[in-house]
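Visitor: I would like to learn how to read a few features of a protein model. Could we take them in turn, with the general idea before the case?

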Amino acid sequence: MRVIAELNDSNITVATISRIIAMSPGVAIIRDDTIELGQAAADKLHLYPQNAHTRFWSELNLDRLKITSGLARHHADLAFAHIGLIHELAGKPEELVLAVPGSFSEKQLSLLAGLLEAAPFQVTSLVDTAVAAIASHPIAGHCQYVDIVLHQIVITTVEVTDRVRLITTQVLDDTGLSAVYDNCAQVIADLFIAQSRFDPLHHAETEQRLYDRLPHCLQSLTQQDETVFVIDYQQTPHQAKVKQQALAAALAGMCDKLNAVLNPDMTTVLNNRVALIPGLQTQLDGAVVLDSHAVFAGACLFPLPAADDSHVNFVTEIPLDTAAAPVRTTASTPAPSQPTASPPAATHLLIAHEAHPVTDRPLYLHLNNNSLALSDKKAATNCVFQQRQGSIQLACDAAADITINGQMVTGNHRLVCGDMIQTVAGQITAIRIKDEHEPT
C-alpha cells in the first residue's frame, strides 16, 4: 500500500489512502545543545520562544541559524532531523511519496532532493499538493486551490481535463496558521481579561495552554457560533465565552487579502485547514471544502516509476480515468471519493508504548499533571471508552477537547485501527492486537 507524507509544516502528516499513520508539526527548539522536534517542541513553543524555530521548512536553506548548536547549523539540518523523526513515527516505511506545497522554490526543491538522498528511505515521487488534492475531487475546467502552512497561504491554479495539471502558484507571506493563531490568541486573551480578570498571555505556562487549545476552539466554532474556553492556572479554572464573530473580525484583514487575489470566475477549493479560519467561508460563498484525506487519495492515483528508476519524479499532472468525466462539485454537493477498504476495528488503546485492552466495562480518561491514564473510576474529562458490538466506542463532549485524526469530535465514535486521538495532555492510538486463535 502506498504511503504518502504531506509536507505541510503546520502538521506534517504521513498516511495511506485509508488512514493516518503519524503527524508532526514543523517546530524545533534548540536549548542547552539539545534539539527537540515536532510535537515535543510545539508543546514548549511558548515556554521558550527565543529558542524556537518554525521556519525551517518554509525557508529551507543553508543560511546559518542565529542560535546554533553542534547538531544544527542551518534550516536544512533541522529539516533533515525532522525527516528522520517523521520516518520513525511512521514506523520506518521503506518507500514514501512526498506531497509538496507549491510554495517551494526550485532551489528549495533541489535542496530537499539532496536531503532525501541521505534519508533512510526511498522517495519514489514528489507530487504537487494541489494537484493531488484536486485529482481526488476533480472539478472541470480551471479551479484555484487554497492551502495554508505555518507562515503562508498558497494559492494554486489547476486545470482539469482528462488530467489534473498545475498551472501557476501564488504565495501570500505572513498569512499562515501562525498568524491566525496569534490574532485569535490576542482576542481570546482580551476576552479572558474582560470576563474573568485573568490574562493568559501574562504567564508562559498559560500562554502555552491557550495556543495548545486554539485548534480545538477553531474546530468547534465551525459547528457553532460560540464556545467556552477554559484555562486552569494554579488549580483555579478561568473561562471565557468566545464568539466566532469576534475572531472573524480580527482575521478580516487576512481574509480580505486572500479574497483580493482570488479569481471570481474560478471555482475556489479550500483545504480543510483553511476552512477553519473564522469568517473566511462567509466571504468565499460557494467555495468547495475538501476533507483532510484528499491529498492522500489523490497521491495514490498516478503510476509510480519502475523499481530500477533511481530518478525522483516531480509530479505536476495526474491523468484521470477517462471513463468518468470530471465532475464540477459545489459546496452543497459532496465530491466523489475513492473507494477504500475499511480498517479493522480497534481492540486496544496505545498510551506511551503500553497497550490497554478495552472491554465492555467503561474506561474513563484521566488527565493528571499533563499525563494520560485510563481507569474504571469516573473522571472529569467527559471522555469514556467501551467495547460495543465488536469495536471500541469513544463517547465525549465538547468540554473534553478531543480530536480524532486532527478533527475535533463530540458524541459517540467507533474507533478503527490507526485512529489517533489527541488530548491536551498527549496522544492515544487505537490499535488491534489479534487473538491467538484469530486467522492471519
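The dialogue below goes through the overall make-up, the salt bridges, one helix residue and the cavities.

Guide: Before we begin, please keep in mind that this is a predicted model.

Visitor: How many helices and strands are there in the chain, and what share of its residues is buried?

Guide: The chain contains 10 helices and 30 strands, and of its 440 residues 49% are buried, where buried means a relative accessible area under 20%. The accessible surface comes to about 20800 Å², and carbon and sulfur atoms account for 49% of that surface.

Visitor: What share of the contacts in the chain with a separation of 6 or more comes from residues 24 or more positions apart?

Guide: Among contacts with a separation of 6 or more, 58% are between residues 24 or more positions apart.

Visitor: Let us turn to charged pairs. How many salt bridges does the structure hold?

Guide: As a general idea, side chains of opposite charge can pair when their charged atoms come close. In this structure there are 12 salt bridges. One of them joins the side chains of D147 and R273, with 3.1 Å from N to O. D147 belongs to strand β11 (residues 141–148), while R273 sits in the loop between β16 (267–270) and α9 (280–283), so this pair ties together parts that are 126 residues apart in sequence.

Visitor: Are D147 and R273 buried or exposed?

Guide: D147 is buried, at a relative accessible area of 3%, and R273 also counts as buried, with 14% relative accessibility. The pair is also part of a network of salt bridges, in which E6, D147 and R273 are linked.

Visitor: Which residue does E317 meet in a salt bridge, and where in the chain do the two lie?

Guide: The side chain of E317 meets that of R163 in a salt bridge, at 2.9 Å from N to O. This pair links distant parts of the chain, since E317 is in strand β19 (residues 317–319) and R163 in strand β13 (residues 163–173), 154 residues apart. E317 is partly exposed, with a relative accessibility of 33%, and R163 is partly exposed as well, at 28%.

Visitor: What is the N to O distance in the salt bridge of E159 and R165?

Guide: The side chains of E159 and R165 meet at 2.6 Å, N to O. Here E159 is buried, its relative accessible area being 18%, whereas R165 is partly exposed at 34%.

Visitor: Now a single residue. Where is the place of D77, and with which residues is D77 in contact once its neighbours within four places in sequence are left aside?

Guide: D77 lies in helix α2, and with a relative accessible area of 16% it is buried. Leaving aside the neighbours within four places in sequence, D77 is in contact with L71 and A72.

Visitor: Last come the enclosed spaces. How many cavities of 30 Å³ or more are there, and which residues line the largest cavity?

Guide: A cavity is a space where a probe fits but cannot get out. The count here comes to 3 cavities of 30 Å³ or more, and the largest cavity holds about 80 Å³ of space. The largest cavity is lined by A5, L7, I12, W57, I83, I86, L96, L98, L116 and F121.

Visitor: Which elements each supply at least two residues of that lining, and how do the lining residues divide into nonpolar, polar and charged?

Guide: Helix α2 (75–89) and strand β9 (95–100) each supply at least two lining residues of the largest cavity. The lining divides into 10 nonpolar residues, with no polar and no charged ones.

Definitions and conventions:
Residues numbered from 1 in each chain as written. Predicted model: local features only at pLDDT ≥ 70, side-chain atom pairs only at ≥ 80, totals over all residues. Heavy atoms only, no water. 1 Å grid on protein atoms, 1.4 Å probe; cavity = no way out; pocket = protein on both sides within 12 Å on 5 of 7 lines; lining within 4 Å. Points joined across faces, edges and corners; volume = space filled by probe spheres on them. Helix = DSSP H or I, 4+ residues; strand = E, 2+ residues; numbered from the N terminus. Nonpolar A, V, L, I, M, F, W, Y, C, P; charged D, E, K, R; others polar. Salt bridge = Lys/Arg side-chain N within 4 Å of Asp/Glu carboxyl O. Buried < 20%, exposed > 50% of the residue type's maximum accessible area, 1.4 Å probe, protein only. Contact = heavy atoms within 4.5 Å. Areas by Shrake-Rupley, 256 points an atom, 1.4 Å probe, with all protein chains shown as cover.
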